[in-house]
Amino acid sequence: MIDFSLEPELIQLKDSVYRYATDNIIPIQEKIQLELDEKEEFAWPIWEKFKEFGLLGFPFPQEYGGQGASALATTIAWEALGLAGVDGGMVMSLSAHTILCGVPLMTFGSEDQKKRYLTKLATGEMIGCFAITEPHGGSDSIHLKTTAVKKGDRWILNGSKLYITNAPIGDLFLVLAATDKSLSSAGITAFLVEKGFKGFSVSRKLQKMGNRLSPTGEIVFEDCEVPEENVLGEVNMGFVQIVRTIFGWERSVMLSPSVGSLETVIKALMAFANNRTAFGKPISYFQAIQKKIVDMKVTLEVARSYLYTIAWHIDRGELPFVEASSFKLFWGDSIVQHIYEAIQILGGLGYMRESKIEKGYRDVRLITIGGGTSEVQRTIVARAILGLSGKEIE
Amino acid sequence: MKILVPIKRTHDPYSKIKLKPDGSGIDTSNIKFVINPFDEIAVEEALRKKEKHGGEVVILSIGTQEAVEQIRTALAMGADRGILVDTAGKTLDQDSIARIMVKIIGEEKPDLVIMGKQAIDDDSNQVGQLLSEYLNWPQATFASKVDIQDKKATVVREVDGGLETVEVDLPAIITTDLRLNQPRYASLPGIMKAKQKPLKVVKLDELGVDITPKVVVEKLETPPERKAGIKVKDVDELIAKLKEMKALPF
Ligand SMILES: Cc1cc2nc3c(=O)[nH]c(=O)nc-3n(C[C@H](O)[C@H](O)[C@H](O)COP(=O)(O)OP(=O)(O)OC[C@H]3O[C@@H](n4cnc5c(N)ncnc54)[C@H](O)[C@@H]3O)c2cc1C
């Protein structure tokens, strides 16, 4: 049997998050978003509101201060944030914190690690980050140059990580480093690094095209000392276990806010196209305009079903790694195209900052790059469906 | 303290209402339903009083099975249990609603009833007052502040031109105004807990309440469409136009 209906509880959750965001986050955002976007600054008042609703630890178990949300419930809550129009960069920072740093910690962390860190992520006492990408390249995430060498009861890390979301404001970094280069992906270990650890530093904050409320930075390890109890999961299993789990969430659940925002964009475009006239009739009468909006609607429905299906797989304890890659590939290329067309429908207004879609365009442009490029996703899917090994593709 | 909160399932105040072609009611397809916003404020107030004084919050809704959705929302906010009087789609006037409530209150014996001052669908503003009459309980309507102490409620009421403070003995009926509080949003753990909370369904016929309508809604009409405004050049033209429309007292 197959049943596509959402439980009433999930519908209620979506409604509750949507209303919360609309009543409590949007009024604050309206006042500060444009200015913070210009200055590239984090919106602490919005972060406070995330915290107030328990979003900072949303998928964590309740015993660690979370809300106990499944992957599907997280997807739906995140979608509601997008639907309400919560800033893309702020939601990205929220995701880096809860999903990229929090979910692996909750899944693979020891009791002691969860008590020390997960509870603090949930309260916002600590801000979480995930760091795998390096200056020499992010797509090739198995040949890491950052190394970790065991010395007594600690690991010594050397190297650097680039484009790290939340780094300039981060307290806890989930860091991947090579512990046995001869084993490539089977020789990578995950470490929990606190910003105060000796030899750790944030070397710079980066300036970006979009998602400018979300701070991005570079971090450096110079003989950085990490106690052995801060290894997450098993030594050498950092990629195979942990990164694959992260990618599964990052390439599905984490994209849900942009699915919600596409729905809101479509609504706004419908109203606009029915009101704006040219040559004596509403522009919605022109087939060229209809096509753009209809295509968006079709993508929206397909994406949502696909996304919910992947979340459902995660909740069944499966690792829908290839499915998540194919979703990200489909979604990234589509959303960039659709928001491009949304600007087109709005005409000159779409190009103006006041329309906000200009910002949306800069924000969604990231989706074909961050969390793994479209090219890399296509490679992963190709490898899976053609039955090729990694070597043959590379 | 036991508090009973009657809630009504109404259309979302933000959704656009269309009437059925024959004017017999509103077209409910494609619209979202919520707890009547004034009732939601009542739920919040009851929860705050429970948090302060202890006790139980019981939700009552009179309507179709669909109203279970709204009861569950109130339970997700933190209420303890729910009662649905299933009307099986029968049309009831305000007086019948009040009489049904009297029956349930007789069984539940709450110390306090907090409810919305009116429902946003028909804006009748009658049930709280009728209930007070039938139960012979004091009423404090349009509350913007409620304090409870020693079996008494001190209620600040919003009246024309200011505020009035009244004191009523419990049990009493309090109806809420908009500024009483800001209702909370159901959290995920709250929503999940609500699944396990008791919800009793009572069939309307089994209550033996006389529901012969005293008021019958004959027809609904939408307000006439507003004509587009015009732009005036300056104050002189504005005054001239207003005079032309006889909208000025001079
Ligand atoms: C705003 C932002 C936030 C980010 N946040 C984080 C974060 O929090 N943590 C983190 O670890 N990383 C983060 N990243 C990094 C991100 O994951 C990488 O940018 C991404 O994986 C691509 O890596 P790269 O930029 O080094 O590009 P490269 O890997 O150098 O790729 C350059 C080009 O080559 C293509 N290419 C590479 N390999 C292949 C191949 N095999 N076949 C075909 N084409 C190929 C790529 O698709 C791309 O077009 C973030 C990036 C941005 C922009």
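Around the ligand sit 17 residues, and the closest are A:Thr133, A:Gly138, A:Ser139, A:Tyr163 and A:Thr373; a residue is counted here if one of its heavy atoms lies within 4 Å of the ligand. Please keep in mind that this is a predicted model, in which local features need pLDDT of at least 70 and side-chain atom pairs count only at pLDDT 80 or more, while totals for chains, interfaces and linings use all residues. Residues are numbered from 1 along each chain as its sequence is written, chains are lettered from A and ligands numbered from 1 in the order in which they are written, and side-chain values use heavy atoms, with hydrogens and water left out.

**The ligand and its shell**

The table shows polar contacts between the ligand and the backbone, a polar contact being a pair of N or O atoms within 3.5 Å.

| Backbone partner | Ligand atom | Distance |
|---|---|---|
| A:Phe130 | nitrogen | 2.8 Å |
| A:Gly138 | oxygen | 2.6 Å |
| A:Gly371 | oxygen | 3.4 Å |

On its own the ligand has 970 Å² of accessible area, and the protein covers 66% of this; such areas come from the Shrake-Rupley method with a 1.4 Å probe. Two elements of chain A, β1 (128-131) and β3 (154-165), give two or more residues to the shell. The largest share, three residues, comes from β3(A). Strands here are DSSP runs of E with at least two residues, numbered from the N terminus. Sorted by class, the shell holds seven nonpolar, eight polar and two charged residues, with Gly counted among the polar ones.

**How the domains meet**

Chain A is divided into domain 1 (8-126), domain 2 (129-235) and domain 3 (243-386), with bounds from an automatic or database domain assignment. Where does the ligand lie relative to domain 2 and domain 3? Both domains give residues to its shell, so the ligand lies between them.

Domain 1 and domain 3 of chain A have centres 21 Å apart, taken over C-alpha atoms. There, 28 residues of domain 1 are in contact with 24 residues of domain 3, contact meaning heavy atoms within 4.5 Å. About 2300 Å² is buried between these two domains, and carbon and sulfur atoms give 66% of that area. Buried area is the accessible area (1.4 Å probe) that two parts lose on being put together, summed over both.

**Chain A against chain B**

This contact takes 17 residues from chain A and 14 residues from chain B. Between them the chains bury about 1300 Å², 56% of it on carbon and sulfur atoms. In chain A, the residues that lose the most area to chain B are A:Glu9, A:Gln12 and A:Arg19, together 41% of what that side buries.

**Two backbone details**

Most residues other than glycine have a negative phi, and most peptide bonds are trans. A:Asn166, in the loop between β3 and β4 (172-178) of chain A, has a positive phi near 75°. In chain B, the peptide bond from B:Leu170 to B:Pro171 is cis, with omega near 0°, and B:Pro171 is placed in the loop between β9 (162-169) and β10 (172-176).

Terms used: A polar contact is a pair of N or O atoms within 3.5 Å; within protein, one must be able to donate a hydrogen and the other to accept it, and residues adjacent in sequence count only if both atoms are side-chain atoms. Helices (H or I, at least four residues) and strands (E, at least two) are DSSP runs, numbered from the N terminus.
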